[in-house]
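Visitor: Please pick a single part of this model and take me through it closely, contact by contact. After that, I would like to hear how you would read the rest of the fold from there.

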Amino acid sequence: MNIVLLGIQGSGKGTLVQDLSKHLDFSLVSVGALLREEIATGSQLGKLIKSKTDKGELVDIKIVIETVKKKLSENKKPIVIFDGFPRSKEQADELDKICNVDLAIYLNLKKDDAIKRIMNRLTCSKCGNITTRTNCPDMICPICKGKLTVRSDDTPEAVNKRFEQYELETYPLIERYKKRGVLVEIDASKTPNEVLKAVMKVIK
Ligand SMILES: [Zn+2]
């Protein structure tokens, strides 16, 4: 079963994947992680990816597909979850060529709510722990007592820009999977536990 996870930044995709891993045996295909893994192997492909990312250039769709294909060929798990991929019509077309998308889970969150969540998010400068301003108003990490900071790319301007990009590229994917009858919309304004329950119901 191949599952595509769609949702704006702040919709809780990362949390959902983490929670799902406690209940389901699946292979996670996260393109960002795949590219980093390929670089770490020191392969020819990895070197090519590194030269692109070092220059701040986008990695070519063909290379992205190459790493996804490799991951799928090594997969032995019954469920594959794609996180942050596909991100555009072009990527979705390529994905259709290599596998069947059985389910597209859309974590639907209003833009204003997503922005509120993102602006509430804090990261520990020492241990990388992720928490919120609500939980830690003193800006001190509960794990290591390090200083909690706002991610540098989480300014309102940057967040708005990412949202515009998201709507432009990802919204057509929602329509695409809806037409195909594989889209399930989940209300992402609910608590992580409620979102998990709703998603588990759909997968089982
Ligand atoms: Zn910490």
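**A close look at Tyr106 and beyond**

Guide: Happy to. Not counting residues up to four places away in sequence, Tyr106 touches Leu6, Gly7, Tyr166, Ile174, Leu183, Val184, Glu185 and Ile186. Please keep in mind that this is a predicted model. Tyr106 sits in strand β4, which covers residues 103-108. With a relative accessible area of 9%, Tyr106 is buried, because that value falls under the 20% cut-off. Among its partners, Leu183, Val184, Glu185 and Ile186 belong to β8, which runs over 183-187. For a sense of distance, try the C-alpha atoms of Tyr106 and Leu58: they are 48 residues apart along the chain and separated by 25 Å.

From β8, carry on along the chain to Ala188, in the loop between β8 (183-187) and α8 (192-203). Ala188 is buried too, with a relative accessible area of 1%. Setting aside neighbours within four places in sequence, its contacts are Ser11, Leu107, Asn108, Leu109, Arg117 and Val195. Of these, Leu107 and Asn108 bring us back to β4, the strand of residues 103-108. Gly7, which we met as a partner of Tyr106, also makes a useful reference point here: its C-alpha atom is 8.8 Å from that of Ala188, although 181 residues separate the two along the chain.

Now for the metal. The zinc ion has four protein donors, the SG atoms of Cys124, Cys127, Cys141 and Cys144, lying 2.3 Å from it. The donor atoms subtend angles of 99 to 114° around the zinc ion, so the arrangement is tetrahedral. Their spacing in sequence reads C-x2-C-x13-C-x2-C. Cys124 lies in strand β5 (residues 121-124), while Cys141 lies in the loop between β6 (130-132) and β7 (148-149), so this pair ties together parts that are 17 residues apart in sequence. Both are buried: Cys124 at 4% relative accessibility, and Cys141 at 0%.

The loop between β6 and β7 deserves a pause for its backbone. Most residues other than glycine have a negative phi. Met139, in this loop, has a positive phi of about 65° without being a glycine. Lys145, in the loop between β6 and β7 as well, likewise has a positive phi, near 70°. Their surroundings differ in accessibility: Met139 counts as partly exposed at 26%, whereas Lys145 is exposed at 62%.

There is one more backbone detail to check. Most peptide bonds are trans. Phe85 and Pro86, however, are joined by a cis peptide bond, with omega about 0°. Pro86 falls in the loop between β3 (79-83) and α5 (89-98).

Finally, look at a pair of helices. Helix α2 (residues 31-41) and helix α3 (residues 44-54) pack at an angle of about 120°, with axes 7 Å apart. The crossing of α2 past α3 is left-handed. On the α2 side the contact involves Leu35, Glu38 and Ile39, and these meet Leu45, Gly46, Ile49, Lys50 and Thr53 of α3. By class, the contact holds four nonpolar, two polar and two charged residues.

Methods: Residues numbered from 1 in each chain as written. Predicted model: local features only at pLDDT ≥ 70, side-chain atom pairs only at ≥ 80, totals over all residues. Heavy atoms only, no water. Donors = N, O, S within 2.8 Å, 3.2 Å for Na, K, Ca; no water. Tetrahedral: all angles 85-135°; square planar, octahedral: opposite > 155°, others 65-115°. Helix = DSSP H or I, 4+ residues; strand = E, 2+ residues; numbered from the N terminus. Buried < 20%, exposed > 50% of the residue type's maximum accessible area, 1.4 Å probe, protein only. Axes fitted to C-alpha atoms, helices over the stretch in contact; angles between N-to-C directions. Left-handed = near helix turned anticlockwise from the far one by under 90°. Contact = heavy atoms within 4.5 Å. Nonpolar A, V, L, I, M, F, W, Y, C, P; charged D, E, K, R; others polar.
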